[in-house]
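Visitor: Could you take one small part of this model and look at it closely for me? I'd like to see how it fits with everything around it, so feel free to wander outwards from there.

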Amino acid sequence: MRQIVIISGKGGTGKTSLSAALATMGEQLMVADCDVDAANLHLLLEPTDHSTHPFSTGSKAVIDQQLCTQCGACMDACRFDAIRYHEDRYTISETSCDGCRLCMRICPADAISMIESNGSYWTTGTFRNGWMVNARLAPGEENSGKLVNVVREQSRQLSERMGLETILIDGPPGTGCPAISAMSGTDLALLVTEPSRSGFHDLRRVKQLADGFGIPSVVVINKYDLNEQVASEIATWCRNKNLPLIGRIPFEPAVVESMLQCRTVVEWAPRSAAAGEIAAIHRHIFQSK
Amino acid sequence: MKIAIASGKGGTGKTFVSTNLLWVAAQKGIDCLLADCDAEEPNVAEFLAGEEDRVVEVYQLVPVIDPGKCTFFGKCYEYCSYNAILYLPERKMIQVLPDLCHDCGACSYACQAGAITEHPKLLGRVKHATYGAGQQLVEGRAEVGVYSPVPVITRAIHEAGERELVLLDSPPGISCPFIATVDRADYVVLVTEPTPFGLHDLQLSAATVRQLGKPFGVVVNRAGLGNNEIYRWMEQESIPLLLKIPFDREVARIYAEGGLPAAVDGSYREMFSLLLTQIVEQHIS
């Protein structure tokens, strides 16, 4: 089994559009959407859900107002500024509570208990060229790295059961915990960048991350013709690093048009220059096993 | 007043909107400041190069257990909700794993033997800078590999202080770092794109902002590139459209090189002035 992760330092570089295009070409495969904070790949791949599973991100404290004696000990102890006194009562802000349970332990009236936060979930399904695992983190939740691990593990198990050779992973933005979870143990990292100062800066950070894991990486410059000067600086940097630059996707209305049709650019506009470039990227990463 | 510039996802143009908005506000003589709250990937400084005034370091407290005083009772281990204490009583071994510690203080409360003291650990820095005609910038930058940038973000907002106008450039997503920023704002500007991705992310972030009870409006960036679904949805939901920024290759080029369109192009100056007026009106109404 081969796992390929598509990643970029930051959001908005075109990871998902590229992942979807690569997922709808060639042999049947498994797609894992690891951008659990703002998953979008399902909009293009339109999977049919086979099963949905709740995911617990931890727990939050709540105060039973009947039992509360208003001593305020919980508010003094809370280091997350999650407990407020307002209109003669203490309340806990769900978004600020970190689930440490200290308030519950401290409360002399046993008025505080913990409730599990399970607004998050992950699903498996099929799409027109294989299987897909994706997830949704409830607003304001943390532990996205853990949810990414669940998506990775489920996609691996399902691929084994279904006899799929390839897992294509659409990674989350950033270089933090979720990006690390999406990247660890993969065979190839496809780094997507844009020709801008901030895009270049983020590319360097994400390359460091891939190197840290010893994962071979290749680069694709998306919308390369929006600034050919910066694009050529990125190309030079890649050459100096012996980093294969395997595609320069032009900025084309066809890419946006296909998205509006909820199709990938290779399906909607197969004759466009962008589709041609993506086909070459596909050949490069899938035929050079 | 504090205005957060946010979006469900990265790459929609938050930093583009906040930097140009700051430039326009400063030109109008408003006492304003921009706080870069994207502490994991702060990018504002690439557009506004200023003179650094001072740096504030942000710490969390990490417990240290004195094995000489520890009675190996194990209550601190039991109280830790984050698995940050390694406890092997039969081998008389106990240790804090600082990377997993959330600085909640439960272990210190649990310890009856006085064996736990708390020591500071560097989480990040908040940098104050001035540039141009007295325009102020505050940047939160978390150390690489820290568990959460939230303490750095809240400190950056605190350092921004009270002014006529404080702009908060929010981190992407809808999880804790986003909440920490938006929760401290009086008004939220959501930046999006008129595509199915943009609409989907806007729906998630709008739901989150509503949950927090914050008034908000939307800036549609790269207008003309996509379709009209987003406007239809906003109308249904009665969400104010503050501004449409047309897609413009030339602007993309200027911005890619680190320039500010409002500073070099009259029509952009007008556009962002209008946005500022709209925000103030929406906020008051």
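Guide: Let's start with a facing pair: Leu190(A) sits opposite Val218(A), which belongs to β12(A). Before we go on, keep in mind that this is a predicted model. The pair sits where strand β11 (residues 188–193) of chain A and strand β12 (residues 217–222) of chain A run parallel, joined by 5 bridges. As a rule, strands of a sheet pair through backbone hydrogen bonds, in either a parallel or an antiparallel sense.

Zoom out a bit and those two strands turn up in an open sheet of 9 strands in chain A, ordered β3-β8-β9-β2-β10-β1-β11-β12-β13, with mixed pairing. At the edges are β3 (48–55) and β13 (245–249) of chain A; each has a single partner strand, so one side of each has no neighbour in the sheet. On average, neighbouring strands here are turned by 15° against each other, direction ignored. There's a helix on this sheet too: α11 (residues 273–287) of chain A lies across β1 (2–7), β2 (29–33), β10 (166–170), β11, β12 and β13 of chain A. So both strands of our starting pair are touched by α11(A), which runs at about 165° to β13(A).

For a contrast in direction, try strand β5 (residues 83–86) and strand β6 (residues 89–92) of chain A, which are antiparallel and joined by 4 bridges. His86(A) has Arg89(A) as its bridge partner in β6(A). The two strands make a hairpin with 2 residues between them, and Glu87(A) in that turn has a positive phi of about 50°. Most residues other than glycine have a negative phi. Two more spots worth a click on your Ramachandran plot: Cys262(A) isn't a glycine either, yet has a positive phi of about 55°, and it sits in the loop between α9 and α10 (265–268) of chain A. Over in chain B, Phe72(B) also shows a positive phi of about 55° without being a glycine; look for it in the loop between β3 and α2 (75–79) of chain B.

While we're in chain A, have a look at helix α5 (residues 144–162), which holds both Glu160(A) and Arg156(A), 4 residues apart, about one turn of the helix. These two form a salt bridge, with the closest N and O atoms 3.3 Å apart. The whole structure has 22 salt bridges over all chains.

Now to where the chains meet. In all, 48 residues of chain A are in contact with 47 residues of chain B, and about 4300 Å² is buried between the two, 54% of it on carbon and sulfur atoms. On the chain A side, Arg79(A), Arg105(A) and Leu260(A) lose the most area to chain B, and together they make up 15% of what that side buries. The rule finds 2 salt bridges across this interface. Asp103(B) forms a salt bridge with that very Arg79(A), the closest N and O atoms being 2.8 Å apart. Across the interface there are also 13 residue pairs in polar contact, both partners at pLDDT 80 or more. Which parts of chain A do the touching? The elements giving two or more residues are α1 (15–23), α2 (41–45), α4 (102–106), α7 (197–212) and α9 (253–260) of chain A. The top contributor is α7(A), with 5 residues. By type, this side of chain A splits into 17 nonpolar, 17 polar and 14 charged residues.

Cross over and chain B has an open sheet of its own: 9 strands, with mixed pairing, in the order β3-β6-β7-β2-β8-β1-β9-β10-β11. Its edge strands are β3 (51–65) and β11 (241–246), each pairing on one side only. Neighbouring strands of this sheet are turned by 20° against each other on average, direction ignored. Within it, strand β1 (residues 2–6) of chain B runs parallel to strand β8 (residues 165–169) of chain B, with 4 bridges between them. There you'll find another facing pair, Ile5(B) opposite Asp169(B) in β8(B). And this sheet carries a helix as well: α7 (residues 229–236) of chain B packs on it, touching β9 (187–192), β10 (216–223) and β11 of chain B, with its direction at about 170° to that of β10(B).

Methods. Residues are numbered from 1 along each chain as its sequence is written. Chains are lettered from A and ligands numbered from 1 in the order in which they are written. This is a predicted model: local features need pLDDT of at least 70, side-chain atom pairs count only at pLDDT 80 or more; totals for chains, interfaces and linings use all residues. Side-chain values use heavy atoms; hydrogens and water are left out. Two strands pair if DSSP finds at least two bridges between them. Axes are lines fitted to C-alpha atoms, for helices over the stretch in contact, and angles run from 0 to 180 degrees between N-to-C directions. Contact means heavy atoms within 4.5 Å. Buried area is the accessible area (1.4 Å probe) that two parts lose on being put together, summed over both. A salt bridge is a side-chain nitrogen of Lys or Arg within 4 Å of a carboxyl oxygen of Asp or Glu. A polar contact is a pair of N or O atoms within 3.5 Å; within protein, one must be able to donate a hydrogen and the other to accept it, and residues adjacent in sequence count only if both atoms are side-chain atoms. Ala, Val, Leu, Ile, Met, Phe, Trp, Tyr, Cys and Pro count as nonpolar, Asp, Glu, Lys and Arg as charged, and the others, Gly among them, as polar.
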